[in-house]
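Welcome! Have the structure open beside you, try each exercise, and then go through the solution step by step.

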Amino acid sequence: MALRVPKSTLPQLFKDGYKFQSGIEEAVLRNIDATHEFSEVVRTSMGPNGRNKMIINHLEKLFVTNDAATIIRELDVVHPAAKLLVMASQQQESEIGDNTNFVVVFAGALLQKAEYLIKMGLHPSEICLGYQLARDRALQILPELEVDQIKSMTDKTELLKIIKSPISSKQYGYEDLLSELVVEAALNIMPKNPKDFNVDNIRVVKVMGSSIHESRVVKGMVFGREPEGVIRATKKAKIAVFTCPLDLTQTETKGTVLIHNAKEMLNFSKDEEKQVEKTFQDLADAGVTVVVTGNGIGELALHYLNRYNIMAVKVLSKFDLRRLCRVIGATALARLGTPMAEEMGECDIVETVEIGSDMVTVFRQEEDVSTRTTTIVIRGATQNHMDDIERAIDDGVSVIKAATRDNRLLPGAGAMEMELNKRLQEVAAKTPGLNQHAIKKFAEALEVIPRTLCENAGMEATAVLSRLYAAHYQEDKSGNSVGVDIENPAEGTMDATRAGIFDSLAAKSCALKLAADTAITILSVDQIIMSKPAGGPKPLKKEGHWDEED
């Protein structure tokens, strides 16, 4: 009689509290379900008619936006497979700055198609191989779908081609107004070699009040507060930047001063005043005409700054202070004193300008192109609305940066996805073996983009998609750039190239690659092993003071 050896189970290997999920049913299909749920969250926010999400993050801050990058950043995703999608979209955001929603939605669609293939009997490794072949072929086909190029990075009409599409997907209806602002700002700082274009040189300042139509571009760097003293403007300024407060310095150790009479009392405070006066006199003697501080300015310090005709500006954001230092070529000093010549910054014009009913301070470089900055001043009724406009402007600026690397354009409005779908279906038909099924499903997954645009616009998606298929399968290839027309629900299709709707080839190829790679990574997982979370039980959130007894 054979000896029965007990089958070892995994939990004996590890401590208590470990969670195991393995095999097709538990690991792969559960991962696909999680990623599908996550992609459905952001899918409804895609395109010009994308719905807004109201998100309250762990700090109880409210966000009302349809920007996928913000939604993904503020959602605290814990599922490991969905986290991979988050990482891929964040990579797209940092590399290109646009098409983050495409990455999540397309990866989710790929995994959903893979679920069907798994249930039909294909092994995940066969699907991964097919998806890899489809991804490589798609990246080869993309340059063939090019319909236009940005011929000059200093031509306003050429730049408007590429900016309108990403801005209209965030702020539909205001795309013309915001595109004009972004292009004007970009042309103000465009260097002789467009590849040196720096996104950081375009700033956004939000001034509450009025309407979006009052937004404008201001040459230079704008700070949303007026100078502290009486001096309001200066030219060819020498600037000293301090991170410490401009005030009477307190000693590090506490001491006691014994004063016998009123005369000693007067002399004591006089010496202190002389010390402060000497500090600012030295600054004036060194040629400093503007002092910028990241902290408070004392009343006595302000008195001497006014006496020596030195303009005083308070910049409370340390990031703005660093950016200002880069623009004017200064070094921020941690203690009050006279800066050396190389630590001082220079600026052609520092002035106070009125925007709406608010006074703002502008630092402007006229001559030096490398440190030239420009600011888009946004007006709006609510902080949330202005934040959303800022995100749309950021996307527009990022797309210009992407265009400096690759100036080729693809048809937008879902036309590129439908044409790529057709080409990949042809590739699948010629591919032998089981790979053809995965390539076919990869092509079908691309259909999710035009379908989402239709659904979010309230159109009959199936009817519009059938018209798109008919247009793209014409023999004369005249329908290669036919996409979804959300403004004409009756017809539902239009020529995206003629309508001036373009997508950046660099952004699309990067997004396609990231989405496909993420889907392949998730499909290649067959087991999830999660340890017990570190730390003890979380304390109860209690109202009132923590020290009070119950």
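**Exercise 1.** At what angle do α6 and helix α7 pack, and how far apart are their axes?

*Solution.* A short reminder before the steps: two packed helices are described by the angle between their axes and the distance between the axes.

Step 1. Keep in mind that this is a predicted model. Find helix α7 at residues 175-189 and look at how it packs with α6: the angle is about 130 degrees, and the axes are 9 Å apart.

Step 2. Now name the arrangement. Angles of 65 to 115 degrees count as roughly perpendicular and those over 145 as roughly antiparallel, with the rest between these limits counting as oblique. α6 and α7 are therefore oblique to each other.

Step 3. Check the handedness: α6 passes α7 in a right-handed crossing.

Step 4. Look at who touches whom. From α6 come Lys-156, Leu-159, Leu-160, Ile-163, Lys-164, Ile-167 and Ser-168, and they meet residues of α7 including Glu-175, Leu-178, Val-182, Val-183 and Leu-187. Sorted by class, this contact of α6 with α7 holds eight nonpolar, two polar and five charged residues.

**Exercise 2.** Which residues of α6 and α11 meet each other?

*Solution.*

Step 1. Start with the geometry. α6 packs with α11 at about 140 degrees, and 9 Å lies between their axes.

Step 2. Name it as before: α6 and α11 are therefore oblique to each other. Their crossing is right-handed.

Step 3. Pick out the partners. On α6 you should find Leu-159, Ile-162, Ile-163, Pro-166 and Ile-167, and on α11 they meet Ala-392, Gly-396, Val-399, Ile-400 and Ala-403.

Step 4. Sort them: the contact of α6 with α11 has nine nonpolar residues, one polar and no charged.

**Exercise 3.** How many nonpolar, polar and charged residues are in the contact of α4 with α13?

*Solution.*

Step 1. Locate α4 at residues 100-119 and α13 at residues 435-445; these helices pack at about 140 degrees, with axes 9 Å apart. That makes α4 oblique to α13.

Step 2. Note that α4 passes α13 in a right-handed crossing.

Step 3. Collect the contact residues. α4 brings Phe-106, Ala-109, Leu-110, Lys-113, Tyr-116 and Leu-117, while α13 brings His-437, Ala-438, Lys-441, Phe-442, Glu-444 and Ala-445.

Step 4. Count by class, and you reach eight nonpolar, one polar and three charged.

**Exercise 4.** Which element gives the most to the lining of the largest pocket?

*Solution.*

Step 1. Find the space: the largest pocket holds about 900 Å³.

Step 2. Look at its walls. There are 44 lining residues, and Pro-48, Ser-165, Ser-168, Ser-169 and Ile-501 lie nearest the centre.

Step 3. List the elements that each supply at least two lining residues: α4, α6, α14, β17 and α17. The most comes from α6, with eight residues.

Step 4. Finish with the classes: this lining has 19 nonpolar, 14 polar and eleven charged residues.

**Exercise 5.** Which residues lie nearest the centre of the second largest pocket?

*Solution.*

Step 1. The second largest pocket contains about 460 Å³ of space.

Step 2. Of its 14 lining residues, Arg-203, Val-204, Arg-323, Glu-390 and Asp-394 lie nearest the centre.

Step 3. Two or more lining residues come from each of β5 (202-208), α10 (318-328) and α11 (383-405).

Step 4. By class, the lining of the second largest pocket has six nonpolar, one polar and seven charged residues.

Notes: Residues numbered from 1 in each chain as written. Predicted model: local features only at pLDDT ≥ 70, side-chain atom pairs only at ≥ 80, totals over all residues. Heavy atoms only, no water. Axes fitted to C-alpha atoms, helices over the stretch in contact; angles between N-to-C directions. Helix = DSSP H or I, 4+ residues; strand = E, 2+ residues; numbered from the N terminus. Parallel < 35°, antiparallel > 145°, perpendicular 65-115°, else oblique. Left-handed = near helix turned anticlockwise from the far one by under 90°. Contact = heavy atoms within 4.5 Å. Nonpolar A, V, L, I, M, F, W, Y, C, P; charged D, E, K, R; others polar. 1 Å grid on protein atoms, 1.4 Å probe; cavity = no way out; pocket = protein on both sides within 12 Å on 5 of 7 lines; lining within 4 Å. Points joined across faces, edges and corners; volume = space filled by probe spheres on them.
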